[in-house]
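Visitor: I have a structure open and I am new to it. Could you walk me through it?

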Amino acid sequence: MKTKKLLITILLLLIFILFYNNLVLAENRPKLIMIILDELDFDLVEKITQNTNKAVGLMNTKTGYFYRSKDRESYFLTIATGRRVKVRLGLYKGIRKNEDGSLYINGFEDIIRDLKKKYLAFSREISTFGDFFSKRGIKVGYIGNDSSSLIATNINGYIEYGENKVVYEEEWLSDKSREILEKEDILILSYELNNKEERIKLLKKYIEKMKYHIIIFPKTISGDINIKWNTTLVPVICITPEGAEGILKSNTTRREGVIASLDIFPHVASLFGISTDRFIGDSLKVIPKGNPIVECKNYLNEFLNLNIIKYIFHGIIIALQLFVIFSKKLKKQTCKFLMNTILSIIFFSLLFGFFKIHRSIIIYCIIVLLSSFLLSFLLIKKENAVYNISIFTNILILYGVFLNKKIIYDSFIGYNNIVAGGRFYGLNNEIMGVLLATSIIVYFSLREKVKDRIVLSLFLIVYFPLIILALSGKYGVNFGGYITSILLFLILIYEMFYCDKNNKNIILLIFIGFIFLLSNFIIQFNGYSLNHIGKLLSRIEVVGFVELFDAIINKIKQLTIMVLIPPWSIISLSQLYYIYRLYKDKNIYIRDLRNSEVGKCIYVIFISSIISVFINDTGIISFVYMNTYLIAILISLHNTKLRALL
């Protein structure tokens with residue numbers, strides 16, 4: 001009898017503890033309101049958050065393609081799935097409210113069918129925003145009547161509780177929001193400002209009254225951010241109960257003031273204590289700043305200016321090379337001057353990254369061009385001009401990678417197109433190509449001066465691992481460049497130690513390279529550095545190898561497009577034509593150089609550039625920049641046979 005009473009007492013205590021813990025968890029669970037506006041610019045951010053501490057950033061809204069205002073289904077599905085997707089227009093058919101208070105998205109079956117058809121991984125482990133949280137006991141409600149409801153719905157097209165209308169009255173809006181948040185944990189509110197002052201004031205009061213986590217972003221680009229070249233960036237506001245003030249940042253972008261729409265889903269997950277490892281995006285962080293709106297305005301101006309500057313200087317570099325390649329009447333000194341000017345432009349672009357002169361497009365172009373012309377003129381009679389410019393360029397890149405990334409991001413050669421959103425951080429393929437080419441030049445220029453084999457061997461095994469590290473996931477985050485640099489290192493080891501021997505040591509080198517890559521994969525997979533490759537491996541573990549196949553197919557598509565489209569197709573073919581013309585000429589000039597240090601340098605640059613094309617999705621760009629240095633070396637050589645060709 002006593003045993004029975006003891007068991008009943010223990011059972012009651014366990015029930016009480018479980019009930020109490022669940023009650024405490026429910027009470028401590030955060031509440032979130034996600035407000036999606038029809039318009040939001042910096043002026044409106046100022047108005048609706050005037051008396052509120054907030055964190056502000058720029059959000060890249062890129063979908064499976066670039067975001068367009070009419071393509072809101074893809075925009076909201078990108079947020080809802082945490083991956084960039086694209087669906088056919090017009091599949092969303094509106095919202096129906098059911099008698100039990102739930103909502104149903106008309107046309108949702110067609111939307112899911114289209115997603116599964118286009119994205120194989122979607123039919124496996126990937127959930128929508130609403131479905132993901134409902135499976136974890138976190139409920140999502142909705143107020144509104146547009147395609148933003150796609151964020152809230154579960155996988156069957158239902159929203160558990162909400163309203164398919166918005167009454168723009170203070171009492172109704174606040175009471176209805178609280179009513180939903182008593183039952184649900186997340187409220188998604190679609191709010192139409194319609195450029196009406198009374199609705200702006202109502203929203204301001206609403207934000208001040210609701211003491212929850214709040215995320216605000218617009219459906220489309222409008223107002224003072226609707227300017228030329230900006231096709232994806234919109235303001236985003238985060239308000240916390242603690243009142244954090246500053247600039248938003250995420251590990252997806254690693255750029256202060258910039259996040260991606262892919263970060264919304266994982267950020268909400270992190271608020272509820274859910275791991276974000278399975279997501280492409282990441283949670284948001286707040287960098288304390290006194291006036292975040294002004295900071296974001298400056299960032300937007302800088303990004304858009306660098307977009308224009310990048311196109312201008314790409315055009316100049318390509319045009320000057322085409323002029324050198326196809327103009328047979330140019331004197332050798334003129335060709336040398338023009339090629340040195342190109343290398344000087346790249347150098348000064350990095351050097352002036354210290355001074356933020358890109359805030360003015362005109363000033364930037366004038367200063368960089370004049371400085372480049374002057375340096376090229378001063379070096380016109382120097383035999384080692386290409387080597388000297390390359391060495392200093394290489395030093396600047398390595399300094400930027402390891403100590404001051406801003407000088408790289410603030411140069412046209414290192415700027416990642418924030419608007420396009422393909423890459424937000426690390427070394428792009430332009431600067432990757434420059435780094436590899438200048439590294440080869442640095443190494444072989446030393447070999448011309450130093451003949452001690454031990455010194456050269458030590459330099460090789462110290463210097464090139466530094467280049468590999470610069471491109472690794474910890475620093476440059478350029479996976480294609482990272483692999484290319486490893487293969488380049490193996491080529492140089494083989495050339496130095498085994499080239500003159502008829503043995504099979506090259507197989508050993510390939511094996512060492514494979515082990516090196518495999519160990520890096522293992523380190524990243526186990527969480528040491530979850531960059532985009534590490535995260536891909538993590539998603540493969542969850543979703544399966546269909547995720548890898550999807551990534552490979554997308555990369556092949558991009559590689560094909562980049563190889564075929566102008567201007568990269570034009571300049572790359574022109575460079576190949578120029579190199580082939582010299583190689584096949586009866587003077588056999590390049591073949592005569594094969595056993596010299598400069599000849600080996602030329603061959604290694606060319607082989608590495610070919611490798612980079614096939615490893616990188618935009619490898620054709622690195623190919624062009626690497627062969628720009630190769631052509632500059634050829635033209636700088638004082639040789640009568642070459643002069644006859646020019």
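Guide: What follows is a short talk about the make-up, core, one sheet and some charged pairs of this structure.

Guide: This is a predicted model, in which local features need pLDDT of at least 70 and side-chain atom pairs count only at pLDDT 80 or more, while totals for chains, interfaces and linings use all residues. Residues are numbered from 1 along each chain as its sequence is written, and side-chain values use heavy atoms, with hydrogens and water left out.

Visitor: How many helices and strands are there in the protein?

Guide: The protein has 24 helices and 13 strands, where helices (H or I, at least four residues) and strands (E, at least two) are DSSP runs numbered from the N terminus.

Visitor: And what share of the residues is buried?

Guide: Of the 646 residues, 56% are buried, a word that here stands for under 20% relative accessible area with a 1.4 Å probe, counting protein chains only.

Visitor: Which residues touch the most other members of the largest nonpolar core?

Guide: That core, a set of buried Ala, Val, Leu, Ile, Met, Phe, Trp, Tyr and Cys residues joined through side-chain atoms within 4.5 Å, holds 190 residues, and those touching the most other members are I35, F129, F133, I186, I188, I216 and F217. Helix α9, residues 292-326, gives the most to this core, with 14 residues.

Visitor: Switching topic, what is the order of the strands in the open sheet of 3 strands?

Guide: The order is β3-β4-β6, with antiparallel pairing, and two strands count as paired if DSSP finds at least two bridges between them. Both β3 (95-97) and β6 (158-159) stand at the edges with a single partner strand each, so one side of each is left without a neighbour in the sheet. Between β3 and β4 (residues 103-105) there are 3 bridges, and I95 stands opposite I105 in β4.

Visitor: What about charges: how many salt bridges does the structure hold?

Guide: It holds 22, each being a side-chain nitrogen of Lys or Arg within 4 Å of a carboxyl oxygen of Asp or Glu.

Visitor: Which residue does E430 form a salt bridge with?

Guide: Its partner is K310, with the closest N and O atoms 3.0 Å apart. This pair links distant parts of the chain, 120 residues apart, with E430 in helix α14 (residues 429-449) and K310 in helix α9.

Visitor: Is E430 buried or exposed?

Guide: E430 counts as buried, at 6% relative accessibility, and K310 is also buried, with a relative accessible area of 10%.

Technical notes
Buried means under 20% relative accessible area, exposed over 50%, partly exposed in between (1.4 Å probe, protein chains only).
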